[in-house]
Structures are given as structure tokens and as C-alpha cells.
Amino acid sequence: MSRIVILGAGTAGTIMANRLRRRFADGVKDGTTSITVVDQDDVHVYQPGLLFVPFGIYDADDVVRPRGKQLHDGIGYVQAAVERVLPAEREVELGNGTRLSYDVLIVASGTRIAPEETDGLTGPGWGETMFEFYTVEGARALGEKLATWPGGRLVINIVEMPIKCPVAPLEFAFLADWFFAQKGMRDRVQISYVTPLDGAFTKPVCTQVLGHLLEDKRVELVTEFNAGRVDGEAGILASWDEREVPFDLLVSVPLHQGAEFVKRSEGLGDDYGFVRTDLHTLQSRCAPEIFAIGDAADVPTSKAGSVAHFEAEVLEDNIARFLAGEPLVPAYDGHTNCFVETGYDKALLLDFNYDTEPLPGKFPFATIGPMKLLEATYANHLGKLAFKWLYWNVLMPGHDIPAVGAQMSMAGKQPVLQDS
Amino acid sequence: MTTSTIAGIELEVDAEGFLQKPEQWTDAVGEAIAAELGIEMTDRHWQVARFMRQRFLDNGTAPTIRTLGKESGVDVKELYKLFPKGPAKLAAKIGGIPKPRGCI
Ligand SMILES: Cc1cc2nc3c(=O)[nH]c(=O)nc-3n(C[C@H](O)[C@H](O)[C@H](O)COP(=O)(O)OP(=O)(O)OC[C@H]3O[C@@H](n4cnc5c(N)ncnc54)[C@H](O)[C@@H]3O)c2cc1C
């Protein structure tokens, strides 16, 4: 008997459950394998869609579906909050006091925002002049605000890295430029992008390209700004080293943390609540039968849905190997693929891994494309919009995307020489 | 993996100069790394660097800036004065532990 328990039924947990259900179809049928998924609620959010909600491109209702429906028949779904993992007992304790035993545990509990960790952010002005768009409620409220906002100083601030989808705040800036231009009021809006990083993004070539785009779109870039406190009434965002940025409307990307139960579980997580995980096998460093996937893992790549998808291919194999008593394969290379919406029906595409930063070129086929890396095109924008359909119909059921493998490919990429 | 000679000792470091083997560290190494970063170590600096290092040795992971602010005895505001721009990252480097994952 193999009991597989998955904590979290978001992007990664759902993909994993459906892949393992197919992999162990016989075992599930004859009762020698069980797959149980736990989540605290029944609202599966297509999170990439949240970016479009504030601008009225998607409705908040367009981006949510029930969780259980995304899981194939034969997968058990338990709706309960996870209290903690007991690695020594190989048990998970749930909020209702019950315990689940496992032979293999997959932690897929993601990351959540903690706006209350920044002094003043959830104080006076929260929901009036200060917003976030990383939750359905937040994105909807911001959409209502933007619909009637008369203009002024719009400040987009990343409180601290890491955040999920590190390009989303940039996309927000690009779309804001487009949105206000469409409304004929761009000259009444001043947009500032305030980041703790020393440039627009983390990777050098990308930072250059994205930095130029910000300039083109007249977005002011404020770097190395570590937000310490916010005063919603005075409209001031202040850094720990006493720099101040005034705002009329603040769009914050708050501090991110792992699930609380990860911190409560002996030896499982780091100080953020992310699971300490082997970079290449996705086995946790806590116990051999515990694995982590998606935003919950502390691996040094972007926290993105595409990462969860690529990791799932590797993790499915490794779990089969683990149960068969075979050695794991260190096959995950940090592959990330993300579309960056730049406004005006264009998007650019990034593809990178642990060792290779995003490069220009064509994707997924060399010279043919049809998508272009690191360049804003209409084809990429269509790719981004098609992603919603792909998400529910190809990714969640646990299928592979044709021509896009778990490991990054150098086909079509142009190496860039850089001064270091 | 590259090596680098700091304070007369040959050390294993990553591309950004973070020590890969904390056991190779000595006070003199910490002092020398700080000097390279333009930081002159005071008792307050040492308090943070040692706290950072000890937490890593005890738990296998480095504390975040928020934990440093709450538990090291030096608040976040002062942390940014002592280690401008990146207290957690700089204290980890000086304290001779690998780069905290959260800094990536
Ligand atoms: C605005 C925005 C835009 C984005 N754009 C893109 C994009 O364009 N491309 C891309 O690839 N990615 C994008 N992402 C990122 C992507 O959505 C996430 O990386 C992905 O959803 C991570 O999946 P996950 O399964 O690890 O976490 P999640 O999908 O967040 O799932 C974690 C689950 O764990 C559950 N959970 C947590 N704690 C507990 C507990 N104690 N008990 C029970 N259950 C618990 C949660 O309820 C949740 O359902 C975007 C994200 C945002 C917010």
C-alpha cells in the first residue's frame, strides 16, 4: 500500500495529483495506491489572470473555479487547514484534529502575501488609497478604484524579494501606462516603480530590456528601496534608510511568506516558511519521503506556474522511483518560462534556468518561433491570453505542452556578450 | 566552485564571494570581507554577523531581515544603517555562510 498525500490544491498540487493518478492508474484501481489532496478552501484561482482584473480585462469571476472539479476521479479531496507535519510519525495534523498518515508527502502549499508585516500598510487608507492585486478580493477592489480614479501619483512598490511571478509588478506598470492612455488621461498620471532590486529585474540582460521599456512608457524607476513603513493618510511610502516617495494611489506587492504550518513543522522549512528542498530532485532536506513543489519550495528560481509545471514532470518520475526503491534523478534545472504583458496587445517572453539567464531569440522552434524571446510582439500576447485556456485544459489535468520540455533548451537562443 | 584567498586563508566561495564552507571562517576573514565591502566592523556589526552565523549553524538556514530585527538585538532601522542596502545579505557574507536563498 502506498499512501500519497499532497498538501495544497493550487497549481502545483493539482497538476501533481492528476499526473500521479495517471501514473498509478492500476494501483488506484486495485486499492494499493491512494492519492489524497488537502486544501483549506474550495476556490482555485487562476492567478496569472489577477493581473488583468484591475484593468477590467477579466472579471474577478473569470479567474476562479472549484478545486475538487480540477481533480480526476479516484483522487481523495479533504477540505481542511493543515496544522503541521510530523515527519517522525509520517503524519499530517489537520485543523479539525484528525491525522493523515503518508508514505509519500508532497508539500504544495504555495506562498501568501502578508501586508500586515509592513508598518502602516493595512492601517488607514488600506483599500482606499493603498491596494494589492495578488488576491481575488484585492484585484477586484483595485479594479473598482481604477475605474473612477481621476489621476495623480501612482506608485507600484515591491516590499521585499522573493515574490511570486516577479514580472507581475512590471506588467502592472506597463498595463497601467496603456490603460490610462486609452482613457485619454495618461498626462494626468505619474507612474513610479519602486523596487528593492538595483534595476528593473533580477537578471542582467532582462533588466536592460525591461528597464528600457519602463523608460519608453514614462515610468519612473526607483531602485534599492527597502520599504519600512507606509502612511496612508499622508500618502507617503518610506524606506528604512529614510527616503520618501509620495503617492496618491499605492499598489503594493506585499511581503511573501510560505504557509504557516511549514514553519511549525520540525525541520521542514526556512525562516520564510519555504520548504528546504534539493534543487534538482525536489526531495526535501527534512526527510526522504517528503517532497516539495511550486512556490512552497525554496529552490532559487522564479515562483511561477510554469515552474510548477516543469517541476511536476521531474517530480512524478522521482516519486515513482522513490516508491520503487530506485535512486532519484537530479533532473530539474530551474527552467522557467514566462510571458510579460507589455500593454498595447503585446507581450514578451522569457525562458531561463538556474544557470542561463533569459536570452533573446525564437521560441519554441529555432528560427521559426512563432514566439520571440525578450521582444514585445503580438504573437506573445496571444500566447499569454491562450495561457488561461491551457491552464485549465492542459496544465491542470497534468498534460505536457507540445515542444516545451521540463529542461530548458538552447534551441533558437542567441547568446549575449555582456560586460560584467 | 572557485577559491579565493582572504586574510591569508584559501577559501571556497561562490561567484559573489559567499563562503561555501562556514567552518573555514575566522574573525579575521569576517573582518577582511567587511573591509572589502567598505564596512568597518563595530560591536553592533559583530552582534548581527555572529547572530546570523549561529542561526545558520543551528538551523541550516539563515534568518530573514525580519527575524534579525526581532531577535538579534538590533532593530531593522539600525540594521540598514550598519549594513546599507542589504543587511541580511551582507551579514551573511561577513559571517561566512552561503548566500541566503531569499536574496535571489
Ligand atoms: C498576479 C499574479 C500573476 C501571475 N502571473 C503568472 C504568469 O503569467 N505565469 C506564471 O507561470 N505564473 C504566474 N503567477 C504565479 C503562479 O500563479 C504561481 O506561481 C502558482 O500558482 C504557484 O502554484 P502553487 O501550487 O505552488 O501555489 P498555489 O497555487 O498558490 O497553491 C497553494 C495552495 O496551498 C493551499 N494552502 C496553503 N496553506 C494551507 C494550509 N495551511 N492548509 C491547507 N491548504 C493550504 C492554498 O489554499 C493554495 O490553494 C502569477 C501570480 C500572481 C499572483
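Lys and Arg are counted here as positive and Asp and Glu as negative, whereas His and the chain ends are left out of the count. On this basis, chain B of the model, which is a predicted one, carries 14 positive and 14 negative side chains, and the centre of the positive set is placed 9 Å from the centre of the negative set.

The secondary structure of chain B consists of 5 helices and 2 strands, and the order of these elements from the N terminus is β-β-α-α-α-α-α. The C-alpha trace of the chain extends over about 35 × 25 × 20 Å along its principal axes. For a chain of 104 residues, a radius of gyration near 13 Å would be expected of a compact globule, and the value of 12 Å found for chain B agrees with this expectation. Of the 104 residues in chain B, 50% count as buried, while the surface that chain B exposes amounts to about 5,000 Å², with carbon and sulfur atoms supplying 49% of that area. When contacts in chain B between residues at least 6 apart in sequence are considered, 47% of them join residues that are at least 24 apart.

Chain A is divided by the domain assignment into domain 1, comprising residues 2–112 + 257–323, and domain 2, comprising residues 113–256. The contact between them draws on 20 residues from domain 1 of chain A and 28 residues from domain 2 of chain A, and the C-alpha centres of these two domains are separated by 30 Å.

Two residues of chain A were examined individually. A:Thr14 is situated in helix 1 of chain A, which covers residues 11–23. With a relative accessible area of 0%, A:Thr14 falls under the 20% limit and is therefore classed as buried. Apart from residues up to four places away in sequence, A:Thr14 touches A:Ala9, A:His44, A:Gln70, A:Leu71 and A:Met396.

A:Gly235, by contrast in setting, is found in the loop that runs between strand 15 (227–231) and strand 16 (236–239) of chain A. The relative accessible area of A:Gly235 is 5%, and this residue is thus also buried. When neighbours within four places in sequence are set aside, the contacts of A:Gly235 are with A:Val245, A:Pro246 and A:Phe247. A further relation links A:Gly235 to A:Met130, since the two residues are 105 residues apart in sequence and yet stand 8.9 Å apart in space, C-alpha to C-alpha.

Conventions:
Residues are numbered from 1 along each chain as its sequence is written. Chains are lettered from A and ligands numbered from 1 in the order in which they are written. This is a predicted model: local features need pLDDT of at least 70, side-chain atom pairs count only at pLDDT 80 or more; totals for chains, interfaces and linings use all residues. Side-chain values use heavy atoms; hydrogens and water are left out. Helices (H or I, at least four residues) and strands (E, at least two) are DSSP runs, numbered from the N terminus. The radius of gyration is taken over C-alpha atoms; the globule rule is 2.2 Å times the number of residues to the power 0.38. Buried means under 20% relative accessible area, exposed over 50%, partly exposed in between (1.4 Å probe, protein chains only). Contact means heavy atoms within 4.5 Å. Accessible areas come from the Shrake-Rupley method with a 1.4 Å probe; for residues, only the protein chains shown count as cover. The place of a charge is taken as NZ of Lys, CZ of Arg, CG of Asp or CD of Glu. Domain bounds come from an automatic or database domain assignment.
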